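User: I am in my first year and would like to go through a protein model step by step, with the terms explained as they come up. Could you answer some questions for me?

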Amino acid sequence: MKKKALKAAVLGLALSVSATAMAATGMSGLSPLAGRPEDNSRQMLPKNTYTLAAVHKVEGRQGVASEGDYFWVSGSKTLAKYDRNWNQVKINKTPFDGYKIPSNHIGDIDVYNNEVYVGAENFMDGVGKDIQIAIHDGDSLKLKRTFPFEPASGQEECSGIAVNPDTQTVWMCSWVGEESGRYLYEYDLKTGKYLRKVHIQAPPQWVQGMAYFEGSFYLTADDGTADEVEPDHMYRVDIRPGVSNAPVVLERTFDDVTFQGEIEGLTFDKKKRQFLLHYNRGSRIVLGMVKGFYPGYTSEISEVFVYDIN
């Protein structure tokens with residue numbers, strides 16, 4: 001009994017010394033996050049509330065971006081520009097002209113300094129390849145230049161792209177799950193150099209779009225089963241400099257859109273401080289591809305839902 005007591009005391013002392021050493025070196029555990037996210041109720045709650053204000057029909061089924069008095073909408077194979085009254089002022093139905101790597105798909109987009117940032121790829125039946133970052137002129141909608149994609153990042157698909165003007169970086173997300181969909185991928189805005197990837201915990205299913213607003217990244221996810229009339233969601237991710245992972249927070253449930261449908265891209269109208277959600281309805285989607293229509297529809301309807309931020 002004395003030997004067992006002695007061993008227990010030694011083990012306890014060792015654990016105490018180990019914990020003290022870890023605290024002294026700044027190692028509070030395996031996670032590089034500062035403290036446990038679940039212990040910070042403010043961090044794990046939505047940042048804003050959103051009230052539906054208007055709905056606008058658009059041409060293009062993938063994404064939306066906003067800057068100044070204009071909006072841009074992407075289709076799988078189109079780029080369009082709208083004025084503040086949602087009148088279409090320009091459309092490019094051959095956006096891949098000038099691409100050195102052939103593409104057939106555009107996801108959610110972003111705009112910065114009147115340049116449209118596009119994550120382009122070849123996409124078929126849930127599989128993406130030949131990813132590239134393309135920058136288009138905000139007026140002509142034609143290609144201006146491209147950034148090299150870094151295959152070593154492990155990204156296998158690009159469903160959305162977002163510019164962070166605060167850090168002068170470009171970020172991409174992946175619709176494809178498993179390893180590819182568990183990360184957000186960062187590039188330098190000026191040089192196009194790949195910088196890093198950030199592990200999002202726990203990652204949403206089927207991430208569709210990405211936007212940056214007031215210090216946070218927002219992701220839309222097609223994680224509701226349309227056949228069961230389940231709503232899709234938006235999530236928030238707060239990424240800190242030099243940290244390899246970031247917690248995911250449920251920001252909004254979209255039970256106020258018109259079913260059945262598929263959530264797509266998103267953006268924020270900084271001028272009016274509104275949130276814009278791109279949403280399609282009518283099409284039955286299988287592995288990211290349109291496979292017929294729901295009863296009552298003979299074509300797909302693409303709309304932008306505008307929300308006031310409270």
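The questions and answers below deal with strands, cysteines and a sheet.

Analyst: This is a predicted model, in which local features need pLDDT of at least 70 and side-chain atom pairs count only at pLDDT 80 or more, while totals for chains, interfaces and linings use all residues. Residues are numbered from 1 along each chain as its sequence is written, and side-chain values use heavy atoms, with hydrogens and water left out.

User: How many residues of strand 8 are buried?

Analyst: Strands are DSSP runs of E with at least two residues, numbered from the N terminus, and strand 8 covers residues 127–137. Buried means under 20% relative accessible area, with exposed over 50% and partly exposed in between (1.4 Å probe, protein chains only). Strand 8 is mostly covered, and of its 11 residues the number buried is 8.

User: Which residue in strand 8 is the bridge partner of Glu115?

Analyst: Two strands pair if DSSP finds at least two bridges between them. Strand 7, residues 115–124, pairs with strand 8 in the antiparallel sense over 9 bridges. In strand 8, the bridge partner of Glu115 is Asp137.

User: Which residue in the turn between strand 8 and strand 9 has a positive phi?

Analyst: Strand 8 also pairs with strand 9 (residues 143–147), in the antiparallel sense and over 4 bridges, and there Ile133 has Phe147 as its bridge partner. The two strands form a hairpin with 5 residues between them, and the turn residue with a positive phi, of about 65°, is Leu141.

User: Why do Cys158 and Cys173 not form a bond, and how far apart are their sulfurs?

Analyst: A disulfide is a pair of cysteine sulfur atoms within 2.5 Å, and a search of the whole structure finds 0 of them. Cys158 is buried, with a relative accessible area of 1%, and Cys173 is buried with a relative accessible area of 1%. The closest cysteine sulfur to that of Cys158 is in Cys173, and there is no bond because the distance is too far, at 6.3 Å.

User: Which residue in strand 19 stands opposite Ile263?

Analyst: An open sheet of 4 strands has the order 1-22-19-18, with antiparallel pairing, and its edge strands, each pairing on one side only, are strand 1 (50–57) and strand 18 (261–269). Strand 18 pairs with strand 19 (residues 274–281) in the antiparallel sense over 7 bridges. Opposite Ile263, in strand 19, stands Tyr279.
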